[in-house]
Structures are given as structure tokens and as C-alpha cells.
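The exercises below go from the whole chain to pairs of helices and then to single residues. Try each task on the structure before reading its solution.

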Amino acid sequence: MASSSSKETDIEEEKKPLIPPESKAEPENGSIYRQLFLGMVVVLPSIAAGMAIGFSATSLDSIPITISDGSWFASTVFLGIAVGCSMIYPVMEKYGRKPSLISSCIIAIVGWLYLSIRAGPPSLGKLLIGRFITGVSAGMTSAPAAAYATECLSVENAELRAVLITWSTVAMSIGILFSYVMGAMLAYYKVASLAVLISVFAFIMVAIFIPESPSWLQSKGRTGDAEWAQKQLKIKAPAKPTEGSTTQTSSTDTGSQPQLSFLDSLKEFEKPEAYKPLLIMIFFFFFQQFSGVYIVITYMVDITRIAGIVLFNPYFITVVGGTLILIVSVGASFVYPKTSVRAIACISGFGMACSMLFIAIYITVRRSWLIGPTYSIVNFLPLLALLCNIVCSTIGFLILPWSMIGDVFPLQVKGLASGVTTSLGYIFSFIAIKMFPSVSMGLGSAGTFYFFGIMSVFGTLFVYYYLPETRGKTLEQVLDGWSKKTKYDQQVETA
């Protein structure tokens, strides 16, 4: 009798929640610091991702390859990023946020090892394989980090959560700067070795300190695990992202929403609230790439030389440019939640257009006036214009398209639309960066900057007339704006 009663007691104990209702994690002062710490841990893989993007800027000079092969070396990483972006959404929904981050670290380690192991002269095939694999890893880092920040970090403080969500962009900027600094001093394979160490460190930190998202666990019916993770995170309940979120996190908010089948999702794109934002975001990414935003980052040393900057070492200017990208990215993480999207985009595009056209005119005039490389005020002008371009592009065209993806798509097609948009964005990157050496030789130095300037003008006009305003609006308000009938549609209906 005693044994049977003890078994019944054990069974009753098993049925109890792991966290009693009265002891649910209450907000504590220490919980904020813990969540800030976790916010830094989840973006650690993004540092190696940033290094992959900036790696070619300083490494091309130290690799004995032709200009055509160099363009493949610089651009292949973006094909990998496109693949990684298309892979990560189903992976993170099936296996979770933490395994997605861990897998991105493992893939990064493999890719960087390909680039760091130097057995004789580097072969183009080996270099391209390493670049592609590091690109796949880079494409897999931001989405799970943003989803984790949305669901788990500062769920009761919307402003702090909005800042934490942008930390993956800041981490990528740190990686870009780090690759610039190390690339100015070390050979490419030594920089790749440092990236291996960073990826290993990120893997260890994520594996040890990051609990799985309670929201994802809850969606899979793993209530006990969700409560344990909730206790570790010291949050009251599994986070449910608000529909009106105006941060890039909502692009990854697919786990808590009922998802349609692929065919049903395609049918949803017949509605204006689905196809209009898709087309607008695709064009935004198009102008982002062909106005030179990623080309400047990827070919920073070459761009410095083409611009006719003769006062300083191009590697020094590259490091300064990387520093500006980091500073502006940090500032943007605090400014974005409170500022008009369209205003930032227009200011960014206008500044890019002016700076690029100024450099083009400077190169044209310099040829006519035969200005020598003396330390006169005139020779500082292209340097100031290039730094202005870096600041203007970073604050708007570099970051905004990625941060807006989650603000404009209906929940039913958000996963598919986000995957298509980001993949196309990086395919545009690949095309622009692969074509840059040929375009530069075909158009000449001045013509190249005229091209970037004109594309920036078109991009500015596009965002002014078509980019929706999302700040201060709920998702329903944004979607209502897409579904409103135009005057032409109303006239057709009345006729």
C-alpha cells in the first residue's frame, strides 16, 4: 500500500509545472544585465560574418590572382550569403534558434579553415570554396539572432528590445572593421586564422550560455523545457512579438504565427498588401547594391585609389572607413526606433548621390588642371567626399532595407517574402561586385563614380515616392496602406 501511494505521489509531482505559478520569474535588476549579456552572445557569430564581407577589401593585394579571378573572390561570398539566407528560416523553425546559431558557427569554422590553411600557392578553387562556405555561414547568423532578441530579450521593454535587435548589425560592423585592421597588417590566411578563433569562441559561448527560445519550445509542445528556459532567461512568459513592431525582428517572427503552405502563400501574393511591399523592397535592395554601398565596403582599398586620394595610405583610409561604419551603426541602433524611415532613407540617398558625383567631378577636373599630389586643401576633398559617402550610406541604404523587411509583409507570407527579398538582395550584391572591375575599366575612374552617383539619385527618388513610412505605425496600419485603392482603380470601378 505504501509503495503504491508513493508511486501516485510521484506521478502527481511529474504533472506539476516545472515552475510553480507563484514563483514565475519576476523582473530583477540582475535579469536586465543577464539579458544584455545574452544579447551580446547571440550576435557573436555575426562578427565572423562581417569579416567575410570585408575580407576582400584588404586581402586582394596579398593574393597572386588576376583581376577577373579577384572579382570572383570578392563576389562569391555573397552567393553563399544568399544560400544561407534561404536555408536559415526552415532550419530555425524546425530545429530552433540555438541550433541554428551553433550550425552557423560550425559552417564558419569550416569555411575559414579552408582560407587559413596554406599549403603552397593558393588555388582559385580552394579560395572560392572557402569564400562560399563563409558566405553561407554569414547568411545564417542574423535571422536567428534577431528572432532570439525578439522572443527572449527585454520582452517587457520595447525600446531596449529594439536596440538589442540591431546588435547583429553592429557586430557585423565590428567584423568589417576587424578584417580591415588585421588585413592592413597581416596576410590573408592569418586574418582567416583569426576568424577561425572568433568562430570557435562564438560556438562555445552560444553552446554554454544560450537557452533555447521559450516561444519556440512552446510552439513545439515542449512546455516543461519552455518553462525551464523561461526561468533561465528570467522572463515572465514566452515572448510574443507585437504585430506593430517596427524593427527588423519581425522578419523572423514566424514561429508563433500559423503559416500557410507554399502554394497558398503564392496565392497570397495576388493581394496588393503582399506583392506591393515585395516589389518595393526588391527595388530598394537593387538601388542599395548598384549605388555602390557594398562595392565600397568590398573594394575599399581599390575605391580609395580610383577616387584619386593620394594623401594617405589606402589601408589607413580603409581602417578609418571601417571605424565610421561601426560608429554610425551603433548610433543608428538608438536612432532608428524614434526616427522616420523615409526621412533617413532620403537623407542617406541624397548624401550618397552628392558625394559620388563630387568625386566624379573632382577626377574630371583634376585631369584638366593637372593637380599634383601636394598637401593642399584640394587633395583633401575626395577623401572627405568618400568618408561622407560611407557615413550617409551606412545610416540609411546599408542598414534600412534589412531592418524594414519585418515591417511591411503580412504575417501569413512574412517568412517566404523575407527569404525571397534577402536572397535577391545578396544576388544583386554578387552581380554588382562581380561586375565592378569590368565596369571600372570600361567607364574609367570618373565614369564609375558618375554611375554610382546617378544610381543614388534614382534610389533617392524611389524611396521618396514609394518607400512606406513604418515608424509609429502598427503592422495593420502599414498593410491598410498597401490595400488602399488608387484613384485609377476607383475610376475603373465607377465606370
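**Exercise 1. The whole chain**

Task: What share of the residues of the protein chain counts as buried, and what is the secondary structure of the chain?

Solution. The model is a predicted one. Begin with size and burial: the protein chain has 495 residues, and 54% of them count as buried. Next, take the secondary structure, which comes to 23 helices and 0 strands. Then turn to the surface. The accessible surface of the chain is about 21300 Å², and carbon and sulfur atoms account for 67% of that area. Last, look at contacts between residues at least 6 apart in sequence: 85% of these join residues at least 24 apart.

**Exercise 2. Helices α14 and α21**

Task: Determine how α14 and α21 are oriented to each other, and which classes of residue form their contact.

Solution. Locate the two elements first: helix α14 covers residues 272-290 and helix α21 covers residues 414-466. Their axes lie 4 Å apart, at an angle of about 25°. Angles under 35 degrees count as roughly parallel. The helices α14 and α21 are therefore roughly parallel to each other. Sorted by class, their contact has 23 nonpolar and 5 polar residues, with no charged residues.

**Exercise 3. Q289 in α14**

Task: Is Q289 buried or exposed, and which residues are its contacts beyond four places in sequence?

Solution. Place the residue first: Q289 is in helix α14. The relative accessibility of Q289 is 0%. Buried means under 20%, so Q289 counts as buried. With neighbours within four places in sequence set aside, Q289 is in contact with Y294, I295, G425, F428, S429 and A432.

**Exercise 4. Helices α4 and α6**

Task: Describe the crossing of α4 and α6, including its handedness, and then the make-up of their contact.

Solution. Helix α4 spans residues 67-95, and helix α6 spans residues 124-139. Their axes come within 6 Å and cross at roughly 35°. The crossing of α4 and α6 is right-handed. In the contact of α4 with α6 there are 16 nonpolar, 6 polar and 2 charged residues.

**Exercise 5. S46 in α3**

Task: Find the helix that holds S46, decide whether S46 is buried or exposed, and list what S46 touches.

Solution. S46 is part of helix α3, which runs over residues 44-59. The relative accessible area of S46 is 0%, so S46 is buried. Once residues up to four places away in sequence are left out, S46 touches T141, S168, A171 and M172.

Conventions:
Residues are numbered from 1 along each chain as its sequence is written. This is a predicted model: local features need pLDDT of at least 70, side-chain atom pairs count only at pLDDT 80 or more; totals for chains, interfaces and linings use all residues. Side-chain values use heavy atoms; hydrogens and water are left out. Axes are lines fitted to C-alpha atoms, for helices over the stretch in contact, and angles run from 0 to 180 degrees between N-to-C directions. A crossing is left-handed if the near helix is turned anticlockwise from the far one by less than a right angle, and right-handed if clockwise. Ala, Val, Leu, Ile, Met, Phe, Trp, Tyr, Cys and Pro count as nonpolar, Asp, Glu, Lys and Arg as charged, and the others, Gly among them, as polar. Buried means under 20% relative accessible area, exposed over 50%, partly exposed in between (1.4 Å probe, protein chains only). Contact means heavy atoms within 4.5 Å. Accessible areas come from the Shrake-Rupley method with a 1.4 Å probe; for residues, only the protein chains shown count as cover. Angles under 35 degrees count as roughly parallel, over 145 as roughly antiparallel, 65 to 115 as roughly perpendicular and the rest as oblique.
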